[in-house]
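Let's take a walk through this one, from the helices to the sheets and then into the loops. Have the viewer open and follow along.

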Amino acid sequence: MSARLRRVLAMLIIAVSRRSGHLGRLMTVRWIRRLLGPSGRRTAWRALGAQIDDSAAVSSGVWMRIPANVSLGAGSRLGGRVTIESYGPVSIGSNTIINDSDLFTTQHELDHPAFKAERLFITIGDYVWMPRKIIVLPGVTIGDYAVIGTGSVVTRDIPPYAVAAGNPAEVLKERARIPYSYVPVNVAKASQAIHRRQRSGKG
């Protein structure tokens with residue numbers, strides 16, 4: 001399917017499902033999200049209330065519980081399967097990479113007689129890298145430039161520039177305090193272009 005045809009189809013699907021009130025339900029289906037393509041997914045999540053910058057990328061594996069509580073900054077990339085259980089607000093900064101991870105904003109008060117639920121926030125700063133299979137628990141702030149190791153469970157705040165890993169995640173060292181300038185979306189596009197050339201035998 002050509003890019004132009006995909007865009008037209010995506011806009012048609014979004015318009016019809018918005019008019020019928022079924023867009024939220026439609027976005028729970030991964031093959032539909034994949035069919036919409038990158039720009040269509042941005043448009044659909046925005047139509048459901050999410051604040052997503054034009055230059056941010058959201059893969060078909062990303063699902064948001066309440067999109068209106070989610071914001072995603074410029075150049076950031078959510079890849080693979082990312083679940084954002086956004087009963088509470090989730091703010092993700094610019095030029096951040098998150099892959100195959102789960103973000104949770106709700107928990108229960110263990111000693112409350114009615115097992116009271118709490119809706120908290122998650123704040124993830126700029127230039128954060130969360131490679132694979134990371135769980136972020138309610139009320140956590142991950143500072144700018146932090147790196148979280150694969151398989152970690154983040155239960156408490158992580159300071160800026162920290163490299164943290166484990167269950168629960170602990171700070172192991174500090175990232176270099178240099179002027180970072182990479183844009184994850186552009187890095188991903190360059191990498192995909194290299195893979196395509198290699199597959200075609202031109203690399």
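Before we start pairing things up, one bit of bookkeeping: two strands count as paired if DSSP finds at least two bridges between them. Also keep in mind that what you're looking at is a predicted model.

With that in hand, go to strand β7 (residues 90-92) and strand β12 (residues 122-124), which run parallel and are joined by three bridges. If you want a register marker, Val90 stands opposite Ile122 in β12. This pair belongs to an open sheet of five strands, in the order β1-β4-β7-β12-β15, with parallel pairing. At the edges sit β1 (51-52) and β15 (141-142), each of which pairs on one side only.

Now follow the chain out of β7. Thr96 is in the loop between β7 and β8 (97-99). Is Thr96 buried or exposed? Thr96 counts as buried, because its relative accessibility is 0% and the cut-off for buried is under 20%. Its surroundings make a nice list: leaving out residues up to four places away in sequence, Thr96 touches Ser76, Arg77, Ile124, Gly125, Asp126, Tyr127, Val128 and Pro184. One of those deserves a zoom, since the side chain of Thr96 reaches the backbone nitrogen of Tyr127 at 3.2 Å.

Tyr127 itself is worth a look. You'll find Tyr127 in the loop between β12 and β13 (129-130), and its phi is near 55 degrees, a positive value in a residue other than glycine. Tyr127 counts as buried too, at 11% relative accessibility.

A little further along from Thr96 is Asn99, in strand β8. Asn99 is another buried residue, with 9% relative accessibility. A polar atom of the Asn99 side chain lies 3.4 Å from the backbone oxygen of Pro131. Setting aside residues up to four places away in sequence, Asn99 touches Arg77, Gly79, Gly80, Val82, Met130, Pro131, Arg132 and Lys133.

That last name brings up another backbone oddity. Lys133 has a positive phi of about 50 degrees although it is not a glycine. Lys133 lies in the loop between β13 and β14 (135-136), and what sets it against Tyr127 is burial: Lys133 is exposed, at 62% relative accessibility, whereas Tyr127 is buried.

Val82, one of the residues Asn99 touches, leads us to strand β6 (residues 82-85). In a regular strand the side chains alternate between the two faces of the sheet. Which way do the side chains go in β6? Val82 and Ile84 point one way, Thr83 and Glu85 point the other way, and all of them are buried. Strand β6 also has partners. Strand β3 (residues 62-64) runs parallel to β6 and is joined to it by three bridges, with Val62 opposite Val82. Strand β9 (residues 102-104) pairs with β6 in the parallel sense, again over three bridges, and there Ile84 stands opposite Leu103.

For a change of direction, jump to strand β18 (residues 162-165) and strand β19 (residues 170-174), which pair in the antiparallel sense over four bridges. Val163 stands opposite Lys173 here. The hairpin has four residues between its strands, and Gly166 takes a positive phi near 110 degrees. In the loop between β18 and β19 you also meet Pro168, and the peptide bond joining Asn167 and Pro168 is cis, with omega about 0 degrees.

Finally, the helices. Two packed helices are described by the angle between their axes and the distance between the axes. For helix α1 (residues 3-20) and helix α3 (residues 30-47), those are about 35 degrees and 8 Å, and the crossing is right-handed. Residues meeting across the contact include Leu9, Ala10 and Ile13 from α1, and Leu35, Leu36 and Gly40 from α3. The contact's residues divide into nine nonpolar, four polar and four charged. Helix α3 also holds Ile32, which is buried, with a relative accessible area of 7%. From C-alpha to C-alpha, Ile32 and Ala10 are 9.3 Å apart in space and 22 residues apart in sequence.

Definitions and conventions. Residues are numbered from 1 along each chain as its sequence is written. This is a predicted model: local features need pLDDT of at least 70, side-chain atom pairs count only at pLDDT 80 or more; totals for chains, interfaces and linings use all residues. Side-chain values use heavy atoms; hydrogens and water are left out. Axes are lines fitted to C-alpha atoms, for helices over the stretch in contact, and angles run from 0 to 180 degrees between N-to-C directions. Helices (H or I, at least four residues) and strands (E, at least two) are DSSP runs, numbered from the N terminus. A crossing is left-handed if the near helix is turned anticlockwise from the far one by less than a right angle, and right-handed if clockwise. Contact means heavy atoms within 4.5 Å. Ala, Val, Leu, Ile, Met, Phe, Trp, Tyr, Cys and Pro count as nonpolar, Asp, Glu, Lys and Arg as charged, and the others, Gly among them, as polar. Buried means under 20% relative accessible area, exposed over 50%, partly exposed in between (1.4 Å probe, protein chains only). A polar contact is a pair of N or O atoms within 3.5 Å; within protein, one must be able to donate a hydrogen and the other to accept it, and residues adjacent in sequence count only if both atoms are side-chain atoms.
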